[in-house]
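Student: I should like to learn how to read the features of a structural model. May we work through one together?

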Amino acid sequence: ERLGVAPEQVTVGNGADGIIMRTCMAYLDEGSEVIVSRSSFPVYDQFTHAMRGTLVKTPLKNYCLDLEAMAQAIGDKTRLIFVCNPNNPTGTVVTAAQVDAFMARIPDHVLVAFDEAYYEFVDFDEYPDTLQYIREGRPNVMTIRTLSKSYGLAGVRVGYAIASPEILAPLDRVKEPFAVNLLAQVAGIAALEDDEFLNRSVAANRAGKRFLYGEFDRLGLRYVESQGNFVLVEIGPQAVDVQKRLLARGVIVRPCAHYDLPDFLRISVGSQAQNVRLIEALKEEVAANG
Ligand SMILES: Cc1ncc(COP(=O)(O)O)c(C=O)c1O
């Protein structure tokens, strides 16, 4: 109802990860090609490998997914394209116009999965409304969302996909019988009704990003402006050393070498106290770096 789609156009999963897994199980065979960005969410890679599919990776363009390159990479064996928007770990988004041009180039044998795990945090006029393609009845589009991020329920494991019933039917055939447990269903419904929590979560994230941007500027660290709840920060060749020293101090940030961004750390927005603690630790460790 909230999304303006019919119940048959939604399936619920054990987190967005569960949806990604079932999408790969349903649509990939040995040798199927999956197009992803070289710097994107690694779970796409994991389940493509599990299905003995082949990854075709395109480079970023100015820290954004390059939809033109992704469309260019489509071949006879392409089955699936994951468009992570906002993209993890860069926090960047592709625009409605870019997505429109991209969708016009997608042949019928290819399914496009828009992963909108960070959807509720987005504050950008040109962000695409991908559900519009599904409402229009496009047969080869899916949008994935989750209650793990803005709703704060990562441990509860509730994600969902919106697509035509024909696209979702194969996902339901590979579903474990009880993919989303009863407690998760109850928590998920309560969370969806709690607009006040969602608004607070989104506002806190926005304020936290503003604070972190100001502090990164003061420290002379370059960063990529993010539409998610994390920021990609350029540290330099010592990024992994800095990450390990932060970890030893109890501050957890993500190194990005496996995202093909070895000089960067992905830093999550926390509470204000956590953000201050992160900045204090980062200041010392970056200074120690020379
Ligand atoms: C882009 C993206 N998709 C999906 C997920 C998985 O979310 P969930 O906790 O719902 O499985 C994440 C979590 O890190 C993510 O960053």
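The dialogue below turns to the ligand site, the aromatic pairs and the backbone.

Tutor: Please bear in mind that this is a predicted model. Let us begin with the ligand.

Student: How many residues surround the ligand, and which are the closest?

Tutor: A ligand site may be read from its shell of residues. Here the shell holds 13 residues, and the closest are Ala16, Asp115, Thr146, Ser148 and Lys149.

Student: What is the make-up of the shell around the ligand, by nonpolar, polar and charged residues?

Tutor: The shell comprises five nonpolar, four polar and four charged residues. Its largest share, three residues, is supplied by helix 1 (residues 15-27).

Student: Which polar atoms of Asp17, Asp115 and Thr146 lie by the ligand, and at what distances?

Tutor: A polar contact is a pair of N or O atoms within 3.5 Å. A polar side-chain atom of Thr146 is 2.5 Å from an oxygen atom of the ligand. In Asp115, an N or O atom of the side chain lies 2.6 Å from a nitrogen atom of the ligand. Asp17 offers a polar backbone atom, 2.9 Å from an oxygen atom of the ligand.

Student: How much of the ligand does the protein bury?

Tutor: The protein buries 92% of the 400 Å² that the ligand exposes when taken alone. The ligand takes up the space of the second largest pocket.

Student: How many aromatic pairs are there, and why is the pair of Tyr44 and Phe82 called stacked?

Tutor: A pair of aromatic rings is described by the distance of the centres and the angle of the planes. The count in this model is seven aromatic pairs. For Tyr44 and Phe82, the ring centres are 4.3 Å apart and the planes are at 5°, so the pair is stacked. This pair links distant parts of the chain, as Tyr44 belongs to helix 2 (residues 43-50) and Phe82 to strand 4 (residues 78-84), 38 residues apart.

Student: Where are cis peptide bonds found?

Tutor: The omega angle is the value to read. One cis bond joins Asn85 and Pro86, with omega about 0°, and another joins Asn88 and Pro89, with omega about 25°. Pro86 lies in the loop between strand 4 and helix 4 (96-103), and Pro89 is likewise in the loop between strand 4 and helix 4.

Student: What is the phi of Arg52, and where is this residue found?

Tutor: Arg52 has a positive phi of about 60°, although it is not a glycine. Arg52 is located in the loop between helix 2 and strand 3 (54-58).

Technical notes: Residues are numbered from 1 along each chain as its sequence is written. This is a predicted model: local features need pLDDT of at least 70, side-chain atom pairs count only at pLDDT 80 or more; totals for chains, interfaces and linings use all residues. Side-chain values use heavy atoms; hydrogens and water are left out. A residue is near a molecule or strand if one of its heavy atoms lies within 4 Å of it. A polar contact is a pair of N or O atoms within 3.5 Å; within protein, one must be able to donate a hydrogen and the other to accept it, and residues adjacent in sequence count only if both atoms are side-chain atoms. Accessible areas come from the Shrake-Rupley method with a 1.4 Å probe; for residues, only the protein chains shown count as cover. On a 1 Å grid over the protein atoms alone, a cavity is a set of points where a 1.4 Å probe fits but cannot get out, and a pocket is an open set with protein on both sides within 12 Å along at least five of seven lines; lining residues have an atom within 4 Å of a point. A molecule sits in a cavity or pocket if more than half of its atoms lie within 2 Å of its grid points. Helices (H or I, at least four residues) and strands (E, at least two) are DSSP runs, numbered from the N terminus. Ala, Val, Leu, Ile, Met, Phe, Trp, Tyr, Cys and Pro count as nonpolar, Asp, Glu, Lys and Arg as charged, and the others, Gly among them, as polar. Rings of Phe, Tyr and Trp (its six-membered ring) pair if their centres lie within 6.5 Å; planes under 30 degrees apart count as stacked, over 60 as edge-to-face and the rest as tilted.
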